[in-house]
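Dear colleague,

I am handing over the structure below, and after it I set out what was found, beginning with how some of its elements pack against each other.

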Amino acid sequence: MEELKQRIKLEGVIASQQVLKLDAILNHQVDPALTMEMGRAFASRFAAEGVTKVVTVESSGIPVAFAVALELGVPMIFARRKKTLLADPDSYVERVPSFTKGIVTDLMLPKRFIKKEDRVLLIDDIIANGDAARGLVKIIHSAEATLVGVGIVVEKCFQSGAQSLRDQGIRLESLVRIQSLGEEGVVFAD
């Protein structure tokens, strides 16, 4: 997505050679028009897969996952990272480290929202080491649902997350692939 690349160049902040802050377009401030365009792009790529649910992790993945679900005409569900008083005790739970937060959290997804007959598309904003995505994949497999693929807005190719999913035979589609971050700015892989 050329527009997304341009926005990353203009508004992305390189915090280190490992971290790109995209809070102006994905995390804190969300551009609705760009988000809907991303939703259409993923929906087009996975249109033939018979998706019945779109799943993501709170909170940064929610806007794009919502846009994809809207385009596909299916429900969107998200895994919570924090247990609340209203949390469903009958949930799938996977403990995962968070690259950006530097802590370990539990991903929780109520069992009533994902069933064996579901064909699930996992959507997330950024993939670094892939821990959150692998945690959701485990939850989807625990539910005996079918994972039809993973859609990632920004893939950091210099970290192992995306490749580790591909190595498991999982179809992973990225809208933008970043080769490196540094003094020369953001270098895109394609």
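Helix α3 (residues 32-45) and helix α4 (residues 62-72) are oblique to each other in this predicted model, because their axes cross at roughly 55°, and an angle counts as oblique when it falls outside the ranges for roughly parallel (under 35 degrees), roughly perpendicular (65 to 115) and roughly antiparallel (over 145). The two axes come within 8 Å, and the crossing of α3 and α4 is right-handed. On the α3 side the contact is made by T35, M36, M38, G39, R40, F42 and A43, which meet P63, V64, A67, V68, L70, E71 and L72 of α4. Sorted by class, the residues of this contact of α3 with α4 comprise 10 nonpolar, 2 polar and 2 charged.

Helix α3 also packs with helix α1 (residues 2-11), at an angle of about 140° and with the axes 10 Å apart, an arrangement that again makes α1 oblique to α3. Here the crossing is left-handed, and the residues that form the contact are E3, L4 and R7 from α1 together with L34, E37 and M38 from α3. The classes in the contact of α1 with α3 are 3 nonpolar and 3 charged residues, with no polar ones.

As for the aromatic rings, the count of aromatic pairs comes to 0 by the rule applied here, while the ring of Y92 has the charged end of K111 sitting over it, at 5.2 Å from the ring centre.

With best regards

Key:
Residues are numbered from 1 along each chain as its sequence is written. This is a predicted model: local features need pLDDT of at least 70, side-chain atom pairs count only at pLDDT 80 or more; totals for chains, interfaces and linings use all residues. Side-chain values use heavy atoms; hydrogens and water are left out. Axes are lines fitted to C-alpha atoms, for helices over the stretch in contact, and angles run from 0 to 180 degrees between N-to-C directions. Helices (H or I, at least four residues) and strands (E, at least two) are DSSP runs, numbered from the N terminus. A crossing is left-handed if the near helix is turned anticlockwise from the far one by less than a right angle, and right-handed if clockwise. Contact means heavy atoms within 4.5 Å. Ala, Val, Leu, Ile, Met, Phe, Trp, Tyr, Cys and Pro count as nonpolar, Asp, Glu, Lys and Arg as charged, and the others, Gly among them, as polar. Rings of Phe, Tyr and Trp (its six-membered ring) pair if their centres lie within 6.5 Å; planes under 30 degrees apart count as stacked, over 60 as edge-to-face and the rest as tilted. A charge sits over a ring if NZ of Lys or CZ of Arg is within 6 Å of the ring centre and within 35 degrees of the ring normal.
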